[in-house]
Amino acid sequence: MKFRCKMDDAGAMRDFTNVATTIARMSKQCVLRLTQDAVYFNAADESTPMVWTRLDQAHFFREYLVEGKSEQFNEIYMELNTAMLSKSASTIKNSAKSVKIKLTNKQQACITFAIELPSISAESRLCVHDIPVTIVSQKRWSEYNEPHYDKFDISLQMPQFKHLRSVMERIKNMSPVLELAVDTNGTLAFKADADSATITVHFPSLTVYECNATGETIMASVDIKKFHAFLAWDAVHPSYIKCHIIHNRVIHISLELDSHLQIKYYIPAVDNPS
């Protein structure tokens, strides 16, 4: 198996770093999937699939090569520590001129970041980070498949991050559960129950992209901390945010940045004790 790539565009390096550091806030471990067309970061929470990110290789990398174990299975899956990935990526964002990333063997499999840094002398400085990885065998690839849903009960525009953050900072410690309820006219309500009060915040007149629901209201209750964690994706400055809900089953939030970066965030529904 072989993998190597090079980044030297400041915007691409910034976006790559933002993805890596945000993934580190979601999970201690992630699976890096390398294909011919894209780089994927997959993270889970207590073995429950949580977040998928897709980086278009043609946009992010000036050089890019992936060779799997065979033509039939021409991909590479590897598991790595997200804190180490975030540390390496932060060096890229702050001052790097370019970075080469390569699958290496240094007593064990590693992803090696060779980061070219500016210098006051004529020669550039080179900073090398080795991140140990565990290669995932092909028979386990299906464990990291993205969840598939035939259709959602409703898909609609999400409020801007600044409005979501304003609400969540006020209610995140009030209750362990957040209830999202949407009507077919595009009014999204956030509800949190505390011992002494119930707080409900409405966002009216949101664009409804698709509605397959038979009832007037679609709702799902989720872990409030997992929903709050989603707000960290504000770091990538997405072009749009959409929310897709299956009644009392799952909330799926999708984000995209100019078609070269896609993020899918899944939050399973929980029982609401109220």
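**Exercise 1. Work out whether T22 is buried or exposed, and say which residues T22 touches.**

Solution. Start with accessibility: in this predicted model, T22 has a relative accessibility of 2%. The cut-off for buried is under 20%, so T22 counts as buried. Next, place the residue: T22 is part of helix α1, which covers residues 10–26. Finally, look for partners. Once residues up to four places away in sequence are set aside, T22 touches A232, W233 and A235.

**Exercise 2. Find the strand that holds M50, then list the contacts of M50.**

Solution. M50 belongs to strand β4, residues 48–56. With a relative accessible area of 6%, M50 is buried. Now the contacts, again without residues up to four places away in sequence: M50 touches M26, S27, A43, A44 and D45, and also K264, Y265 and Y266. One more distance to check on screen is M50 to H252. These two are 202 residues apart in sequence, yet their C-alpha atoms are 9.4 Å apart in space.

**Exercise 3. Classify the ring pair Y77 and Y144, and say which parts of the chain the pair ties together.**

Solution. Some background first: the structure holds 15 aromatic pairs. For Y77 and Y144, the ring centres are 6.5 Å apart and the planes sit at 40°, so this pair is tilted. Then trace each residue back to its element. Y77 is in strand β6 (residues 76–81), while Y144 is in the loop between β9 (125–135) and β10 (154–157), so the pair ties together parts 67 residues apart in sequence. Y77 and Y144 are both buried.

**Exercise 4. Do the same for F190 and F227, then name the cluster that includes them.**

Solution. The ring centres of F190 and F227 are 5.5 Å apart, with the planes at 65°. Planes over 60 degrees apart count as edge-to-face, so that is the label for this pair. F190 sits in strand β12 (residues 188–193) and F227 in helix α5 (residues 224–230), which makes this a link between distant parts of the chain, 37 residues apart. On to burial: F190 has 1% relative accessibility and counts as buried, and F227, at 0%, counts as buried too. To finish, follow the ring pairs outward: they link F161, F190, F203, F227, F230 and Y265 into a cluster.

**Exercise 5. Which rings does K242 lie over, and at what distance from each ring centre?**

Solution. Take the rings one by one. K242 lies over the face of Y209, at 4.4 Å from the ring centre. K242 also lies over the face of Y240, here at 5.0 Å from the ring centre.

**Exercise 6. Locate S155, decide whether S155 is buried or exposed, and list the contacts of S155.**

Solution. S155 lies in strand β10. A relative accessible area of 6% makes S155 buried. Leave aside the neighbours within four places in sequence, and S155 is in contact with T207, V208, Y209, E210, C243 and H244. Y209 should look familiar: K242 lies over the face of that ring.

**Exercise 7. Find the strands that pair with β6, and give a residue couple for each pairing.**

Solution. Begin with β2, residues 29–34: β2 and β6 pair in the antiparallel sense over six bridges. In this pairing, V31 stands opposite E79 of β6. Then turn to β9, which pairs with β6 in the antiparallel sense over three bridges. Here M78 stands opposite I135 in β9.

**Exercise 8. Describe how domain 1 and domain 2 meet.**

Solution. Get the bounds first. The domain assignment gives domain 1 as 2–144 and domain 2 as 154–268. Their C-alpha centres lie 29 Å apart. The contact takes 19 residues from domain 1 and 16 residues from domain 2. For the area, about 1500 Å² is buried between the two domains, and carbon and sulfur atoms give 63% of this.

**Exercise 9. Where in the chain are N248 and S259, and what are their phi values?**

Solution. N248 is in the loop between β16 (240–246) and β17 (250–257). Its phi is near 55°, a positive value in a residue other than glycine. S259 is in the loop between β17 and β18 (261–268). For S259, phi is near 70°, again positive in a residue other than glycine.

Technical notes. Residues numbered from 1 in each chain as written. Predicted model: local features only at pLDDT ≥ 70, side-chain atom pairs only at ≥ 80, totals over all residues. Heavy atoms only, no water. Phe/Tyr/Trp six-rings, centres within 6.5 Å; stacked < 30°, edge-to-face > 60°. Helix = DSSP H or I, 4+ residues; strand = E, 2+ residues; numbered from the N terminus. Buried < 20%, exposed > 50% of the residue type's maximum accessible area, 1.4 Å probe, protein only. Lys NZ or Arg CZ within 6 Å of the ring centre and 35° of its normal. Contact = heavy atoms within 4.5 Å. Pairing = 2+ DSSP bridges. Domains from an automatic or database assignment. Buried area = accessible area lost by both parts, 1.4 Å probe.
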